[in-house]
Amino acid sequence: MLEIVPINTENIKLQQLKLGTEKAIEIDVLRLDLIHPIISGNKWYKLRFYLEDAIKNNCSEIASFGGAYSNHIVAMACACFEKKIKNVGFIRGDEIYPLSETLQSAKDFGMELHFINRLDYKNKNALIETNQKEGRYWIPEGGYGILGAKGAATMLESVHLQNYQYLVAAIGSGTMVAGLLNASLTHQKVIGISSQKNNSRLVTEISALVAPQNMGRFQFLSDYHFGGFAKHPDQLLAFMRDFWIRESIPTDIVYTSKLFYAMTDLVQKDFFKKGDRVLVIHSGGLQGNRSLPKNTLPF
Ligand SMILES: *Cc1c(COP(=O)(O)O)cnc(C)c1O
């Protein structure tokens, strides 16, 4: 059964990596994965202003989309549970039992699930039109949008931001890096590590959420996707185990494993210089590892 634990941002800590120390580079990890055992990471931040907006507009219900392992769906279910708002998830694919652990958790939090075949799922506008109801507030897939980016920027509230030359984060929809870019200071670079293979549209989608004068600070790295979105070959799993042993930090198979792999590679290739201080966002997502066979990972 579901353990109802509230989200607690006081659990967040900064953890300095051993990685980089021998080259006199300081790499601090913002451990957003610690806010909740299931709703770890950035999704809760991306949702917060959408929920505020829905409440302000007297909406009676929240709706959004996602796949069977979606961090966004389970985070939305939890956030709505905490705020006591009725919510519906439109889920890509057939209704298959047993449900994925992600969907089971969402359901346990009280989300109503609607399964949509893959073809119909592709056209979000048509899907919204067909399923529109009075008082239903739609959150874009993955929380992509201005309000999502505004929420993501608040992840940095507990950090002494001016200390860093670089901010580094994983990219899915790009909403989080958009928020980081908007919050970043003029001396900083924001590096985004793409978790997807086909990402030609991403930079455009990110720039749609970022003030133009901030885009020049963005650096997009697209060579660390390990075969594509959610692909997790043995080499990546081996890295995750190794990283856990070296740094005591658990990572997820979709985003943060690729992020920290990239960091390891960049340090090795002298991308950063002596004295640099780097802030890496651990955006969570650990619940997604429940799709792996038991005991695949030591955490
Ligand atoms: C969704 C997600 C991301 C990507 O965030 P975007 O705002 O979609 O780019 C990164 N890490 C984790 C753990 C996520 O769940």
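**Two sheets and a ligand, question by question**

Student: Which residue in strand 6 is the bridge partner of I62?
Tutor: Y137 is the bridge partner of I62. Keep in mind that this is a predicted model.

Student: What makes strand 3 and strand 6 a pair?
Tutor: Pairing takes at least two bridges. Three bridges join strand 3 (residues 61-66) to strand 6. Three meets the cut-off, so the two strands count as paired. They run parallel.

Student: Which sheet do these strands belong to, and in what order?
Tutor: An open sheet of four strands, ordered 5-4-3-6, with parallel pairing.

Student: What makes strand 5 and strand 6 the edge strands?
Tutor: Strand 5 (112-116) and strand 6 (136-138) each pair on one side only. Across this sheet, neighbouring strands are turned by 25° against each other on average, direction ignored.

Student: Which helix packs on this sheet, and which strands does it touch?
Tutor: Helix 2 (residues 71-83) touches strand 3 and strand 4 (86-92). The direction of helix 2 makes about 165° with that of strand 3.

Student: Why is S64 called buried?
Tutor: Buried means under 20% relative accessible area. S64 has 0% relative accessibility, so S64 counts as buried. S64 lies in strand 3.

Student: How do you know that the side chain of S64 makes a polar contact with the side chain of H72?
Tutor: The cut-off for such a pair of N or O atoms is 3.5 Å. The value here is 2.8 Å, so the pair is within the limit. Leaving aside neighbours within four places in sequence, S64 is in contact with residues including H72, I73, M76, V88 and F90.

Student: Now the other sheet. What is its strand order, and what kind of pairing does it have?
Tutor: This open sheet has six strands in the order 1-2-10-7-8-9, and the pairing is mixed.

Student: Why do strand 1 and strand 9 stand at the edges?
Tutor: Strand 1 (14-16) and strand 9 (218-221) each have a single partner strand, so one side of each has no neighbour in the sheet. Neighbouring strands here are turned by 25° against each other on average, direction ignored.

Student: What makes the pairing in this sheet mixed?
Tutor: Strand 1 and strand 2 (residues 26-31) pair in the antiparallel sense over three bridges, and Q15 stands opposite V29. Strand 7 (residues 166-171) and strand 8 (residues 189-194) pair in the parallel sense over six bridges. Y166 stands opposite K189 there. Strand 7 also runs parallel to strand 10 (residues 277-282), joined by three bridges, and L167 stands opposite L279.

Student: How do you know that strand 7 is mostly covered?
Tutor: Count the buried residues: six of six in strand 7.

Student: Which elements make the right-handed β-α-β unit?
Tutor: Strand 7, helix 7 (residues 175-183) and strand 8.

Student: Which residues are closest to the ligand?
Tutor: The ligand is surrounded by 14 residues, and the closest are K43, N71, G172, S173 and S283.

Student: How do you know that K43, K46 and S283 make polar contacts with the ligand?
Tutor: Set each distance against 3.5 Å. An N or O atom in the K43 side chain is 2.6 Å from a ligand oxygen atom. A polar side-chain atom of K46 lies 2.8 Å from an oxygen atom of the ligand. For S283, a side-chain N or O atom is 2.6 Å from a ligand nitrogen atom. These distances are within the cut-off, so the pairs count as polar contacts.

Definitions and conventions. Residues are numbered from 1 along each chain as its sequence is written. This is a predicted model: local features need pLDDT of at least 70, side-chain atom pairs count only at pLDDT 80 or more; totals for chains, interfaces and linings use all residues. Side-chain values use heavy atoms; hydrogens and water are left out. Buried means under 20% relative accessible area, exposed over 50%, partly exposed in between (1.4 Å probe, protein chains only). A crossover is right-handed if, with the strands pointing away from the viewer, the path from the first strand over the helix to the second runs clockwise. Axes are lines fitted to C-alpha atoms, for helices over the stretch in contact, and angles run from 0 to 180 degrees between N-to-C directions. A residue is near a molecule or strand if one of its heavy atoms lies within 4 Å of it. A polar contact is a pair of N or O atoms within 3.5 Å; within protein, one must be able to donate a hydrogen and the other to accept it, and residues adjacent in sequence count only if both atoms are side-chain atoms. Contact means heavy atoms within 4.5 Å.
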